[in-house]
Amino acid sequence: MNWCNNGLHLEDLSVVVARLGDFAASLRSMKMAKPTFKSEEMEKTLIKMTGIDRRKCITADICTWCGKPAKNFKDAISEKEYRISGFCQKCQDETFGE
Ligand SMILES: [Zn+2]
C-alpha cells in the first residue's frame, strides 16, 4: 500500500483522527462548562488589540475613547451604554448620533 511507502500507517491515521475527535470534544465541553472563559479571553484580546483596559476605565469613570472623565449622562440608556462600551456621553453622541 502507498500508505506504508510514505511511512504513514493506517493505524497512525486512526490515532490522529481519534485525537482530533478528543480535542473537538474537549473544546465543546470547555465552552459549555465555562461560559465566562471565552469572555475573559475576549477581554484580554481586546486589551491587547486596543491597548485599553475597558473595565479599568469604566471602574474609574473614564471614557475608553477620549480618556476624559465620564460622569454625566443624559439618561439611563446612555449610562448603561457607558457600562458596555466605555464611551462618555460626548463620544456616544459622536459615534451613535444624538
Ligand atoms: Zn469620550
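In this predicted model, E79 counts as partly exposed because 15 C-beta neighbours lie inside 10 Å, a number between the cut-offs of 12 or fewer for exposed and 20 or more for buried. E79 belongs to helix α5. Its C-alpha atom is separated by 8.0 Å from that of Q89, 10 residues along the chain. Q89 also pairs with D75, at a C-alpha to C-alpha distance of 9.5 Å and a sequence separation of 14 residues. D75 itself sits in the loop between α4 and α5. With 9 C-beta neighbours inside 10 Å, D75 counts as exposed.

Helix α5 as a whole is worth a moment. It covers residues 76-85, and of these 10 residues the number buried is one, so the helix lies largely in the open. After α5 comes G86, with a positive phi near 85°. G86 can also be placed relative to helix α4: its C-alpha atom is 9.5 Å from that of T59, although 27 residues separate the two along the chain. T59 is part of α4, a helix that spans residues 54-59. T59 is exposed, because 9 other C-beta atoms are found within 10 Å.

A second positive phi is found at D61, where the value is near 60° in a residue other than glycine. For context, most residues other than glycine have a negative phi. D61 is located in the loop between α4 and α5, and it counts as exposed because 11 C-beta neighbours lie inside 10 Å. D61 is also one of the residues touched by A70.

What does A70 touch, once residues up to four places away in sequence are set aside? The partners of A70 are D61, I62, C63, Y82 and C88. A70 also belongs to the largest nonpolar core, which has five residues. The other members of this core are C63, Y82, F87 and C88. Thus C63, Y82 and C88 appear both as contacts of A70 and as members of the core. Y82 falls within the 76-85 range of α5.

Further towards the N terminus, I52 lies in the loop between α3, residues 35-50, and α4. Is I52 buried, partly exposed or exposed? The count is 15 C-beta neighbours inside 10 Å, so I52 is partly exposed. Leaving aside neighbours within four places in sequence, I52 is in contact with I47, C57 and T64. Of these partners, I47 falls within the residue range of α3 and C57 within that of α4. I52 also pairs with W65, 13 residues apart in sequence and 8.9 Å apart in space, C-alpha to C-alpha.

These local details can be set against the chain as a whole. The protein chain holds six helices and zero strands, so from the N terminus on, its elements read α-α-α-α-α-α. Of its 98 residues, 8% count as buried. As for the reach of the contacts, 22% of those between residues at least 6 apart in sequence join residues at least 24 apart.

Conventions: Residues numbered from 1 in each chain as written. Predicted model: local features only at pLDDT ≥ 70, side-chain atom pairs only at ≥ 80, totals over all residues. Helix = DSSP H or I, 4+ residues; strand = E, 2+ residues; numbered from the N terminus. Contact = placed C-beta atoms within 7 Å. Core = buried A, V, L, I, M, F, W, Y, C linked by C-beta atoms within 7 Å.
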